Amino acid sequence: MYKKLLFGIAILGLLSIVLAACSIKDSAAAPTGPVVHMGLANFIQNTVTIKKGDSLTLIDDAASNHIIVNGYWDGSTQKPEKEAGAPTVSLNFTGNDTHTTAPFNTAGTFKIYCTIHPGMNLTITVQ
Ligand SMILES: [Cu+2]
């Protein structure tokens, strides 16, 4: 009788530990703000609209390096530049990883690009 009760309590304890571990993992894996994915040599979308105060999470879905900074590609020429009100973006991806920018606190249009892959531009509209 007591053995059955103890066994039941032990199972309940184990279950709650497993469930707690799962919920912690889920909350860490899912960014709450806007997200843009990256492939081998491109942003999956060229533009994204976010709200003032949002940070932008970039997810590298490929086994590919990306170095993402302020500015843009003009043809095959890099144009590093930071618009007034833009946060400094300098993110190093080594493949299948995720990084988040500082918040965009000013409304406007901002550009970031990858220094490795010509034409890999992303325009961020903050409203
Ligand atoms: Cu890249």
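**Exercise 1. Find where Thr57 sits in this predicted model, and decide whether Thr57 is buried or exposed.**

Step 1: Look along the chain for the strand. Thr57 lies in strand S3.

Step 2: Check the accessibility. Thr57 comes out at 4% relative accessibility. The cut-off for buried is under 20%, so Thr57 counts as buried.

Step 3: Look at who surrounds Thr57. Skip the neighbours within four places in sequence, and you're left with contacts to Pro31, Pro34, Val35, Val36, Thr98, His99 and Thr100.

Step 4: Pick out the polar contact. The side chains of Thr57 and Thr100 are joined by one of 2.9 Å.

**Exercise 2. Work out the strand order of the three-stranded sheet, and say which strands are at its edges.**

Step 1: Write down the order. This open sheet runs S1-S3-S8, and its pairing is mixed.

Step 2: Find the edges. Strand S1 (35-38) and strand S8 (98-100) each pair on one side only, which makes them the edge strands.

Step 3: Zoom in on one pair. S1 and strand S3 (residues 57-60) run parallel, with four bridges joining them. For a spot to look at, find Met38: Asp60 in S3 stands opposite.

Step 4: Add the twist. On average, neighbouring strands of this sheet are turned by 20 degrees against each other, ignoring direction.

**Exercise 3. Do the same for the five-stranded sheet: what is its order, and which strands stand at the edges?**

Step 1: Trace the order. It reads S2-S10-S9-S4-S7, again an open sheet with mixed pairing.

Step 2: Spot the edges. Strand S2 (47-50) and strand S7 (90-93) have a single partner strand each, so one side of each has no neighbour in the sheet. The twist from one strand to the next averages 20 degrees.

Step 3: Take one pair. S4 and S9 are antiparallel, paired over three bridges. Here Val69 stands opposite Tyr113 in S9.

**Exercise 4. Which residues hold the copper ion as protein donors, and what is their spacing along the chain?**

Step 1: List the donors. They are His66 (ND1), Cys114 (SG) and His117 (ND1), at 2.0 to 2.2 Å from the copper ion.

Step 2: Turn them into a pattern. Along the chain, the spacing is H-x47-C-x2-H.

Step 3: Place two of them in strands. His66 is in strand S4 (residues 66-70) and Cys114 is in strand S9 (residues 108-114), so this pair ties together parts that are 48 residues apart in sequence.

Step 4: Finish with exposure. His66 and Cys114 are both buried.

Technical notes: Residues are numbered from 1 along each chain as its sequence is written. This is a predicted model: local features need pLDDT of at least 70, side-chain atom pairs count only at pLDDT 80 or more; totals for chains, interfaces and linings use all residues. Side-chain values use heavy atoms; hydrogens and water are left out. Donors are N, O and S atoms within 2.8 Å of the metal (3.2 Å for Na, K and Ca); water is not among the atoms, so sites may look incomplete. Helices (H or I, at least four residues) and strands (E, at least two) are DSSP runs, numbered from the N terminus. Buried means under 20% relative accessible area, exposed over 50%, partly exposed in between (1.4 Å probe, protein chains only). Two strands pair if DSSP finds at least two bridges between them. Axes are lines fitted to C-alpha atoms, for helices over the stretch in contact, and angles run from 0 to 180 degrees between N-to-C directions. A polar contact is a pair of N or O atoms within 3.5 Å; within protein, one must be able to donate a hydrogen and the other to accept it, and residues adjacent in sequence count only if both atoms are side-chain atoms. Contact means heavy atoms within 4.5 Å.
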